[in-house]
Amino acid sequence: MAWIVLVLSGLLETVWAIALDRSAGFSRPLPSLVFGVSLVASMAGLAYALRDIPVGTGYAVWVGIGAVGTALVGMLALHESASLPRIACLLLVVAGVVGLKLFH
């Protein structure tokens, strides 16, 4: 159960990162609210997962999922560069996250 919560919390990290960007410095209410709610939920999920998963592994997986998710949303929806080197680097992050899970 801790791993499921950790993955969901990592996905929520993507939500709050994109909402933070869309909030325009907290000047737009709805994205600011989405940011706050998803940030608290993401942190709460991480805290829950860290009861059973070592902090180094849990935090690295959480950040990795959030970073890859945010980069993918940027490339797919926000027209950021989707160059081969960027995609290769994201695949390396995914490999690291999978490796941390396998060798936990």
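## Arg22 and the salt bridges

Arg22 is partly exposed, its relative accessibility being 37%. The structure in question is a predicted model. Within this model, the side chain of Arg22 meets that of Asp21 in a salt bridge, with an N to O distance of 3.8 Å. Asp21 is likewise assigned to the partly exposed class, at a relative accessible area of 47%.

A search of the whole structure yields two salt bridges. One of them is the Asp21 and Arg22 pair just described; another joins Arg86 to Glu80, where the closest N and O atoms lie 4.0 Å apart. Arg86 has a relative accessibility of 30% and counts as partly exposed. Glu80, at 38%, also counts as partly exposed. In general terms, side chains of opposite charge can pair when their charged atoms come close.

## Packing of α1 against α2

Helix α1 covers residues 2-22 and helix α2 covers residues 29-49. Their axes come within 8 Å and cross at roughly 155°. Because angles over 145 degrees count as roughly antiparallel, α1 is placed roughly antiparallel to α2. The crossing of this pair is left-handed.

On the α1 side, the residues that meet α2 include Ala2, Val5, Leu6, Ser9, Leu12 and Glu13, and further along Val15, Trp16, Ala19, Leu20 and Arg22. Their counterparts in α2 include Pro31, Val34, Phe35, Ser38, Leu39 and Ala41, together with Ser42, Gly45, Leu46, Tyr48 and Ala49. Arg22 thus appears both in this helix contact and in the salt bridge with Asp21.

## The loop between α1 and α2

Ser23 is located in the loop that links α1 and α2. Its relative accessibility is 0%, and Ser23 therefore counts as buried. With residues up to four places away in sequence set aside, Ser23 touches Arg28, Pro31 and Ser32. Of these, Pro31 is also listed among the α2 residues that meet α1.

Ala24 belongs to the loop between α1 and α2 as well. In contrast to the buried Ser23, Ala24 is partly exposed at 43% relative accessibility. Although Ala24 is not a glycine, its phi is positive, at about 50°. Phe26 also has its place in this loop, and its phi is near 65°, again a positive value in a residue other than glycine.

## Packing of α3 against α4

Two packed helices are described by the angle between their axes and the distance between the axes. For α3 (residues 55-77) and α4 (residues 84-102), the angle is about 155° and the axes are 9 Å apart. These two helices are therefore roughly antiparallel to each other, and their crossing is left-handed. From α3, the contact is made by Thr57, Ala60, Val61, Gly64, Ile65, Val68, Ala71, Leu72 and Met75. From α4, Arg86, Ile87, Leu90, Val93, Val94, Val97 and Leu100 take part. Arg86, a member of this contact, is also the partner of Glu80 in a salt bridge.

## Gly66 and Ala67 in α3

Gly66 is part of helix α3 and is buried, with a relative accessible area of 2%. Leaving aside neighbours within four places in sequence, Gly66 is in contact with Gly10, Glu13 and Thr14. Gly66 and Thr14 are 52 residues apart in sequence, yet their C-alpha atoms are separated by 4.8 Å in space.

Ala67 also lies in helix α3. Whereas Gly66 is buried, Ala67 is partly exposed, with a relative accessible area of 39%. The C-alpha atoms of Ala67 and Glu13 are 8.1 Å apart, although 54 residues separate the two along the chain. Glu13 is, in addition, one of the residues contacted by Gly66 and one of the α1 residues that meet α2.

## Annotated transmembrane regions

An unreviewed UniProt entry lists residues 33-50, 59-78 and 84-103 under "transmembrane region". In the predicted model, the stretch 33-50 is 94% helix and 0% strand, and its end C-alpha atoms are 26 Å apart. The stretch 84-103 is 95% helix and 0% strand, with 28 Å between its end C-alpha atoms.

Conventions:
Residues numbered from 1 in each chain as written. Predicted model: local features only at pLDDT ≥ 70, side-chain atom pairs only at ≥ 80, totals over all residues. Heavy atoms only, no water. UniProt positions renumbered as here; feature names shortened; annotations may be inferred. Helix = DSSP H or I, 4+ residues; strand = E, 2+ residues; numbered from the N terminus. Buried < 20%, exposed > 50% of the residue type's maximum accessible area, 1.4 Å probe, protein only. Axes fitted to C-alpha atoms, helices over the stretch in contact; angles between N-to-C directions. Parallel < 35°, antiparallel > 145°, perpendicular 65-115°, else oblique. Left-handed = near helix turned anticlockwise from the far one by under 90°. Contact = heavy atoms within 4.5 Å.
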